[in-house]
Amino acid sequence: MRTPRYTRAVERRIDLSNLDLDRVASIVAERHSQWTGLGITVSDLTWMDNASAWPRPLLAARSQAHRPMSVGVPLRMGKAEAEVVLYAGGWADTEYLPASHQEVICEYVEVDHADEVGPLLDRIVAALTDA
């Protein structure tokens with residue numbers, strides 16, 4: 001993914017019980033076949049374990065993250081791509097580049113409940129597939 005031109009510092013929530021990341025993973029799984037039907041490549045989820053030493057490695061399997069801190073969702077469709085990282089603290093960092101754009105769009109979104117993740121992902125996928 002191209003380097004974003006604009007970033008901003010924000011205060012982050014640190015409580016790891018705000019967002020159920022296993023529910024987030026199931027929301028992604030529910031959309032997987034729909035996304036692939038649209039021509040989107042859905043890469044494996046990436047997990048980060050809060051108990052790991054810094055710098056925390058990205059883990060390929062949920063079973064490796066004993067106390068998940070985040071889950072990442074990488075998506076690609078031709079030149080369009082997105083990376084959505086959802087944090088147990090209750091926020092998402094998104095970076096996506098629709099094919100019709102020259103610059104990466106970066107967003108910080110507060111998420112109070114896992115059920116809010118579906119509409120967020122749907123909005124980003126719509127941006128990727130908008131020709």
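The mean pLDDT of the chain is 89. The model is predicted, and 87% of its residues score at least 70. Confidence falls below 50 over residues 3-12. Beyond near neighbours in sequence, this stretch makes 11 contacts in the model.

In soluble globular proteins, nonpolar side chains tend to be buried together. Here, the largest nonpolar core comprises 31 residues. Within this core, the most contacts belong to L21, V24, W35, W47, V73, L75 and L86. Two helices and three strands are involved, each giving two or more residues: α1 (21-37) and α2 (117-129), with β3 (68-77), β4 (80-87) and β5 (91-97). Another core lies apart from the largest one. This second core has 5 residues, including M69, V85, W91 and Y108.

L75 illustrates the packing in the largest core. Leaving aside residues up to four places away in sequence, L75 touches W35, I40, T41 and V42. L75 also touches A80, E81 and A82. Its remaining partners are V125 and L128.

Aromatic rings were examined next. A pair of aromatic rings is described by the distance of the centres and the angle of the planes. The count comes to 1 aromatic pair. The partners are Y87 and W91, whose ring centres lie 4.6 Å apart. Their planes meet at 15°, so the pair is stacked. Y87 and W91 are both buried. W91 is also among the residues of the 5-residue core.

A charged side chain is placed over another ring. R62 lies over the face of W47, at 5.5 Å from the ring centre. W47 is one of the residues with the most contacts inside the largest core.

Notes
Residues are numbered from 1 along each chain as its sequence is written. This is a predicted model: local features need pLDDT of at least 70, side-chain atom pairs count only at pLDDT 80 or more; totals for chains, interfaces and linings use all residues. Side-chain values use heavy atoms; hydrogens and water are left out. A nonpolar core is a set of buried Ala, Val, Leu, Ile, Met, Phe, Trp, Tyr and Cys residues joined through side-chain atoms within 4.5 Å. Buried means under 20% relative accessible area, exposed over 50%, partly exposed in between (1.4 Å probe, protein chains only). Helices (H or I, at least four residues) and strands (E, at least two) are DSSP runs, numbered from the N terminus. Contact means heavy atoms within 4.5 Å. pLDDT is the predictor's confidence in each residue, from 0 to 100. Rings of Phe, Tyr and Trp (its six-membered ring) pair if their centres lie within 6.5 Å; planes under 30 degrees apart count as stacked, over 60 as edge-to-face and the rest as tilted. A charge sits over a ring if NZ of Lys or CZ of Arg is within 6 Å of the ring centre and within 35 degrees of the ring normal.
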